[in-house]
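Let's take a walk through a protein model together. Have the sequence and the coordinates at hand, and we will go from one aromatic side chain to the wider fold.

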Amino acid sequence: PLVRRAPRRAFPRSTPEQPKTLSNPALVQFKGVQKTYDGLSLVVRNLDLDIRRGEFLSLLGPSGSGKTTTLMMLAGFESPTAGEILLDGRPITKTPPHKRNFGMVFQNYALFPHMTVAANVAYPLTVRKVPKADIDKRVARALDMVQLGGKGDRFPSQLSGGQQQRVALARALVFEPQLVLMDEPLGALDKQLREHMQIELKELHRQLGVTFVYVTHDQGEALTMSDRVAVFNDGLIQQIDIVDRLYETPSNRFVAGFVGDSTVLEGTLGADDHHGRCELVLPTGERLAGVNVNQVQPGSRVTASVRPERIEAMLTAPAANDSNIIQAAINDVIYFGDHLRLRCAVAGQAQATVKVPLGDQAPQAGQPVWLRIAPQFLRVYA
Ligand code: ADP
Ligand code: MG
């Protein structure tokens, strides 16, 4: 009944702003690409992926999910076992790496230690036989771009880790490639510098308008920088979407758990209205209306999740006709400066995390609490 009475407007479609690059034609296309190293297991299982011209696309996933392999096939250092990769509509599967003309930055893509910063950055131009006067101008511009103007005469060992990585970036950009590939380029930097470089990279992407493909296992990093994110697991793209949609509407349990914080409720599926709304039945017999994301059949075991900031914590008992509420008890109150995080005991479930704004009435450990979850934020997964 909860489900059937829910009015349509209780499920507003969010319409986040689309990045302009989303309507650009594809620069790169993966078509049915597979990869096995040992002839037995596919580490990339069936990859169909369009990379739009000018976009900042991140490949996000846990270690071993196939991100680097995908990037290496695009770079030309690995070849697909099956399928094809197209650049501007033409197959490049047999083109060697240096003829693809992509810029590349890797976590351990070392600079040449015996060469100055300027010579390192000049290297891609030198091998392309660009005239000397042009080289000097373009190296100076590339170093300015990464805010290392004036550091050209130094040697890499005289620079900090962050500066060295900026040199690597200047070297990747100096020959004006149409596509720049990066594999965990900030992985070795400390948190503060990493966050600073994330902003710089995003700004650089905006200025240059070239296409960036960026591999990371860090979901915060992917959300901060990207136009779109492709979430990898087990050699498959689980979801590819603009960042807001990835966070607000994960398409399966894996993505919901990997991207952002979630509070999870286990149960079985009750009624289903065949229009995406359903009822989650908890082990206690409590029922909550939610979204049937994977079109699960009634009676199936399901996992539901909700973002901790989408749960409303109430410290007084709700009215009898108030719906979509479960009763819990506060185990812990953690102060985060700009908000509080409650860790709540829920019968038959793992602890529930709730983010609450700072208010006049501070919740206390040991207090009962009622958790209200609006149906559109309770996502039920197979
Ligand atoms: P990710 O970058 O997401 O961590 P990788 O693409 O590096 O994942 O690895 C995917 C899988 O392929 C892993 O199981 C890894 O061990 C395996 N793998 C990667 N590179 C090689 C290689 N050169 N030879 C054999 N197996 C590899
Ligand atoms: Mg990797």
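Is phenylalanine 258 buried, partly exposed or exposed? In this predicted model, phenylalanine 258 has a relative accessible area of 22%, so it counts as partly exposed. The cut-off for buried is under 20%. Phenylalanine 254, with a relative accessible area of 24%, is partly exposed as well. Both residues belong to helix H10, which runs over residues 253-258, and they sit 4 residues apart, about one turn of the helix.

The two rings also meet each other. The structure holds 4 aromatic pairs. In the pair formed by phenylalanine 254 and phenylalanine 258, the ring centres are 5.5 Å apart and the planes make an angle of 15°, so this pair is stacked. Elsewhere, ring pairs join Phe56, Phe212 and Tyr214 into a cluster.

Phe212 takes us on to the interior. The largest nonpolar core has 34 residues, and Phe212 is among those with the most contacts inside it, along with Val121, Leu169, Met182 and Leu201. At least two residues of this core come from each of helix H4 (117-127), helix H5 (132-145), helix H6 (161-173), strand S7 (179-183), helix H7 (191-208) and strand S8 (211-216). H6 gives the largest share, with 6 residues.

Methionine 182 is a good place to look around. Setting aside neighbours within four places in sequence, methionine 182 is in contact with Leu71, Val105, Leu169, Leu201, Phe212, Val213, Tyr214 and Val215. Tyr214 is a member of the aromatic cluster we met above.

Now turn to H4. Its buried residues are Val117, Asn120, Val121, Ala122, Pro124 and Leu125, and H5 and H6 are included in what covers them. After H4 comes lysine 129, whose phi is positive, near 60°.

Finally, step back to see the whole chain. It has 382 residues, of which 47% count as buried, and its secondary structure comes to 10 helices and 20 strands. The C-alpha atoms fill a box of roughly 80 × 50 × 40 Å along the principal axes. Of the contacts between residues at least 6 apart in sequence, 68% join residues at least 24 apart. About 18600 Å² of the chain is exposed, and carbon and sulfur atoms supply 51% of that area. As for charge, there are 43 positive and 38 negative side chains, and the centres of the two sets lie 5 Å apart.

Terms used
Residues numbered from 1 in each chain as written. Chains lettered and ligands numbered in written order. Predicted model: local features only at pLDDT ≥ 70, side-chain atom pairs only at ≥ 80, totals over all residues. Heavy atoms only, no water. Core = buried A, V, L, I, M, F, W, Y, C linked by side-chain atoms within 4.5 Å. Buried < 20%, exposed > 50% of the residue type's maximum accessible area, 1.4 Å probe, protein only. Contact = heavy atoms within 4.5 Å. Areas by Shrake-Rupley, 256 points an atom, 1.4 Å probe, with all protein chains shown as cover. Lys, Arg positive; Asp, Glu negative; His and termini not counted. Charge placed at Lys NZ, Arg CZ, Asp CG, Glu CD. Phe/Tyr/Trp six-rings, centres within 6.5 Å; stacked < 30°, edge-to-face > 60°.
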